[in-house]
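Visitor: I would like a close look at a single part of this protein. Please take one region and stay with it.

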Amino acid sequence: MDRFPAGRRRDVILATGAEMRVTGSTDTCAVVCVNGGQAREVEGTWSASVEWLVRRLAPSFPELGFAEVRYRVRSWKRLDACFDDARAAIREVAAPRTLLLGFSMGGAVAIAVADEPHVESVVGLAPWIPDELNVSGLRGKRLAVFHGALDRWLPGIPGVSARHSRKGFDRACERGAEGRYVLIAGALHGVALRKPWGGLLTLPRAERWAELVEGELRAFAAGC
């Protein structure tokens, strides 16, 4: 059940044709959230992990607007299209201050578009940060990465190793980003899964993920 008041969510079609749903007002500060992906080129979906976090945290941050992005195509083979969808979302919310929250492949998407003028911070949840990804847009900005210690790729099971995200985090810091990296003991890849009938199933240590994200949101919201 949603924990934020009815009527505060609105649906938007972005300039690229992607979808966005917004909880709260983005007049001052926005949290733009981008999802993970896969190899197959499939239609975009809403992120279960991001949705759970928005439901859990939005009521505590009435000063923040939360914008969840649904890509046109959810695949790392179409990364450029995902980048375009994320940029369209940032420009649509047009907030003077923006934090990007990216899950899995969404970490790469958030980092790639962090050069947008009003983006101040990126929070990566189990982020995929490929070696060829340009991280220069994070120079002088904040990057927080949270990763499940038990996360790993297995045949047929999506995942990103913590070693991989740590390497990307260190590379970003070498190029001028500032922030923190936290390994979450007992956590897997992400915060929640979507049940076949549409509900959300929380994964181990979901509250720890929420606690860490809440800390970043509190620091960001202090200036709103």
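In which sense do strand β5 and β6 pair, and over how many bridges? Please go on from there to whatever lies around these strands.

Guide: The model is a predicted one. Strand β5, residues 97–103, pairs with β6 in the parallel sense, and the pairing runs over six bridges. One position to look for is Thr-98, which stands opposite Val-119 in β6.

Now move to β6 itself. Six of the seven residues of β6 are buried, so the strand is largely enclosed by the rest of the structure. For this step, buried means that a residue has under 20% relative accessible area. Beyond its pairing with β5, β6 (residues 119–125) is joined to β7 by five bridges, and these two strands also run parallel. Here Gly-124 has Val-145 in β7 as its bridge partner.

Strand β7 covers residues 142–148, and six of its seven residues are buried, which leaves the strand mostly covered. β7 pairs in turn with strand β8, residues 178–184, in the parallel sense over seven bridges. His-147 is a residue to find there, with Leu-183 in β8 as its bridge partner. Following the pairings, you can step from β5 to β6, from β6 to β7, and from β7 to β8.

Next, look at the helix that packs against this part. Helix α3 takes in residues 105–112, and eight of its eight residues are buried. Among them are Met-105, Gly-106, Gly-107 and Ile-111. The buried residues of α3 pack against β5 and β6, and also against β3 (29–34) and α2.

The contact with α2 can be followed through one side chain. Phe-83 lies in helix α2, which spans residues 79–93. The relative accessible area of Phe-83 is 16%, so the residue counts as buried. Leaving aside neighbours within four places in sequence, Phe-83 is in contact with Ala-108, Val-109, Ala-112, Val-113 and Leu-133. Ala-108, Val-109 and Ala-112 are buried residues of α3. Another residue of that helix to find is Ala-110: Phe-83 and Ala-110 are 27 residues apart along the chain, while their C-alpha atoms are separated by 8.0 Å.

Between α2 and β5 there is a loop, and Ala-94 lies in it. Ala-94 has a positive phi of about 50°, although it is not a glycine. With a relative accessible area of 53%, Ala-94 is exposed, whereas Phe-83 in the preceding discussion is buried.

Last, set this part in the whole chain. The secondary structure comes to five helices and 10 strands. The radius of gyration is 16 Å, close to the 17 Å that the globule rule gives for 224 residues, so the chain is as compact as a globular protein of that length. Along its principal axes the C-alpha trace spans about 40 × 40 × 30 Å. Of the 224 residues, 56% count as buried. Among contacts between residues at least 6 apart in sequence, 68% join residues at least 24 apart. The chain exposes about 10,000 Å², and carbon and sulfur atoms supply 51% of that area.

Key:
Residues numbered from 1 in each chain as written. Predicted model: local features only at pLDDT ≥ 70, side-chain atom pairs only at ≥ 80, totals over all residues. Heavy atoms only, no water. Helix = DSSP H or I, 4+ residues; strand = E, 2+ residues; numbered from the N terminus. Rg over C-alpha atoms; globule rule 2.2 N^0.38 Å. Buried < 20%, exposed > 50% of the residue type's maximum accessible area, 1.4 Å probe, protein only. Contact = heavy atoms within 4.5 Å. Areas by Shrake-Rupley, 256 points an atom, 1.4 Å probe, with all protein chains shown as cover. Pairing = 2+ DSSP bridges.
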